[in-house]
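Biologist: I have some questions about the packing in this model. Please take them in turn and give the reasoning with each answer.

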Amino acid sequence: SIPTRIAALSLYTNQNRDPKKFHGGYYRAAVSLIFAPPNKGKTLCMVSDAAYAIEEGFNVLYVTLEMGEEKIWSRLAANVTGKPMWEFFGRDPDEVAQELNDYATAKSAKLGRPFGMFRILELPTTTTPDEINGHIDEIEAATGRKIDLLVVDYLGITKPNKAGHNSNNNMYQDGVEKCEQLRDISKKRRIATLSAVQFNRTGYRTIFAGMDAVEGSSGYNNTADLIFSHTNNDTMRESSVFMNIILKSRFGPAGKQFGTKCDYATMRWESLTEEEMVAWQTMVEQELREQSAQRPAAPNR
């Protein structure tokens with residue numbers, strides 16, 4: 001598997017009893033999905049863990065269908081170098097990439113091991129899994145290096161492969177097709193795939209949103225191998241922390257909850273400290289009390 005920066009996510013997906021032998025995270029030959037409302041940090045999570053993967057020596061292809069390439073480069077560079085993201089705003093992506101490469105080379109010399117390769121492709125929302133697979137072929141042929149982690153930002157706005165696709169399909173069938181086609185790529189290439197899907201309006205109102213609140217197609221629920229939610233409320237947002245719940249997992253228990261945070265200067269998604277976990281738990285309990293108070297009283301019999 002490809003490691004994640006988040007300790008709880010590693011723990012709950014670690015299938016080996018000896019953590020020194022296996023690290024959990026995002027599995028090869030599988031599709032992992034982040035479910036979140038709009039503007040809650042899907043790209044934040046994916047860029048941060050992509051950055052962590054290259055720091056650990058894995059090769060990453062990041063396909064962006066929504067955000068411009070230059071914004072992904074600035075977030076990645078901030079993650080890896082620890083410099084504030086605004087230092088990279090407005091700069092040419094090639095210049096930022098070169099600075100990142102220089103940093104990686106110097107850091108590799110100190111660590112005694114290489115950084116992984118990172119490639120960003122900005123593609124249209126009409127892109128299909130077949131087209132992404134073709135780009136992987138080209139990159140691997142040109143560099144002689146195998147992609148370990150494919151990040152698609154994000155699955156909900158891709159299109160199914162044209163071959164064999166029925167234009168009369170409903171949303172459920174489209175979701176199943178896209179997710180299965182990405183997993184086929186993952187299996188054939190032995191790579192891990194990480195992507196995201198939005199919650200619908202039902203999922204905006206609670207930090208405990210589940211798979212029934214996914215936008216568009218519940219086909220994602222049935223097909224993906226690992227799904228976790230990423231949400232927060234007003235109180236959590238002020239503290240830059242999030243609520244995460246493992247909604248589905250073929251690699252460990254589902255239903256596990258954990259808190260995370262974001263350093264918005266470096267756009268790094270991180271685990272909470274023990275002290276922060278206590279404060280996070282208080283916020284979660286407050287949300288539960290508020291939701292309980294909002295439920296209509298049971299009728300008298």
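Biologist: Which residues do ring pairs link into a cluster?

Modeller: Keep in mind that this is a predicted model. A search of the whole structure gives six aromatic pairs. Ring pairs join three residues into a cluster: Tyr62, Trp73 and Phe118.

Biologist: Tyr62 and Phe118 form an aromatic pair; what is its geometry?

Modeller: The pair bridges distant parts of the chain, with Tyr62 in strand E2 (residues 60-64) and Phe118 in strand E3 (residues 118-122), 56 residues apart. Both Tyr62 and Phe118 are buried. Their ring centres are 6.4 Å apart and the angle between the planes is 35°. Planes under 30 degrees apart would count as stacked and over 60 as edge-to-face, and the pair of Tyr62 and Phe118 is tilted.

Biologist: And how is the pair of Phe228 and Trp269 classed?

Modeller: Phe228 lies in strand E6 (residues 226-231) and Trp269 in strand E9 (residues 268-271), 41 residues apart. Both residues are buried. The ring centres of Phe228 and Trp269 are 6.1 Å apart and the planes meet at 5°, so the pair is stacked.

Biologist: How many disulfides does the structure hold?

Modeller: Cys45 is in no disulfide, and the nearest cysteine sulfur to it is that of Cys262. These two sulfurs are 8.4 Å apart, too far for a bond, since a disulfide requires sulfur atoms within 2.5 Å. Cys45 is buried at a relative accessible area of 0%, and Cys262 is buried at 7%. The number of disulfides in the structure is zero.

Biologist: Where do the buried residues of H4 fall when seen down its axis?

Modeller: Helix H4 (residues 93-111) has 19 residues and spans 26 Å from first to last C-alpha, close to the expected 27 Å. Its buried residues are Val96, Ala97, Leu100, Ala104 and Ser108. An α-helix has 3.6 residues a turn, so residues three or four places apart point the same way. The buried residues of H4 occupy an arc of 105°, so they line one face of the helix.

Biologist: Against which helix do the buried residues of H4 pack?

Modeller: The face of H4 turned away from its buried side carries the exposed residues Thr105, Ala109 and Lys110. The buried residues of H4 pack against helix H3 (69-81).

Biologist: Which residue has a side-chain oxygen that reaches the backbone nitrogen of Asp94 at the start of H4?

Modeller: Beyond the other end, just after H4, Gly112 has a positive phi of about 80°. At the start of H4, the backbone nitrogen of Asp94 has within 2.8 Å a side-chain oxygen of Asp92.

Biologist: Is Met236 buried or exposed?

Modeller: Met236 sits in helix H9 (residues 234-238). Apart from neighbours within four places in sequence, its contacts are Ile207, Val241, Phe242, Met243, Trp280, Met283 and Val284. Met236 and Val284 are 48 residues apart in sequence, yet 8.9 Å apart from C-alpha to C-alpha. With a relative accessibility of 0%, Met236 is buried.

Biologist: What is the relative accessible area of Gln198?

Modeller: Gln198 belongs to strand E5 (residues 192-198). Leaving out neighbours within four places in sequence, Gln198 is in contact with Ala36, Pro38, Lys42, Tyr154, Val214 and Glu215. Buried means under 20%, and Gln198 counts as buried, with a relative accessible area of 11%.

Definitions and conventions. Residues are numbered from 1 along each chain as its sequence is written. This is a predicted model: local features need pLDDT of at least 70, side-chain atom pairs count only at pLDDT 80 or more; totals for chains, interfaces and linings use all residues. Side-chain values use heavy atoms; hydrogens and water are left out. Buried means under 20% relative accessible area, exposed over 50%, partly exposed in between (1.4 Å probe, protein chains only). Helices (H or I, at least four residues) and strands (E, at least two) are DSSP runs, numbered from the N terminus. The expected span of a helix is 1.5 Å times one less than its number of residues. The arc is that of the directions from the helix axis to the C-beta atoms. Contact means heavy atoms within 4.5 Å. A polar contact is a pair of N or O atoms within 3.5 Å; within protein, one must be able to donate a hydrogen and the other to accept it, and residues adjacent in sequence count only if both atoms are side-chain atoms. Rings of Phe, Tyr and Trp (its six-membered ring) pair if their centres lie within 6.5 Å; planes under 30 degrees apart count as stacked, over 60 as edge-to-face and the rest as tilted.
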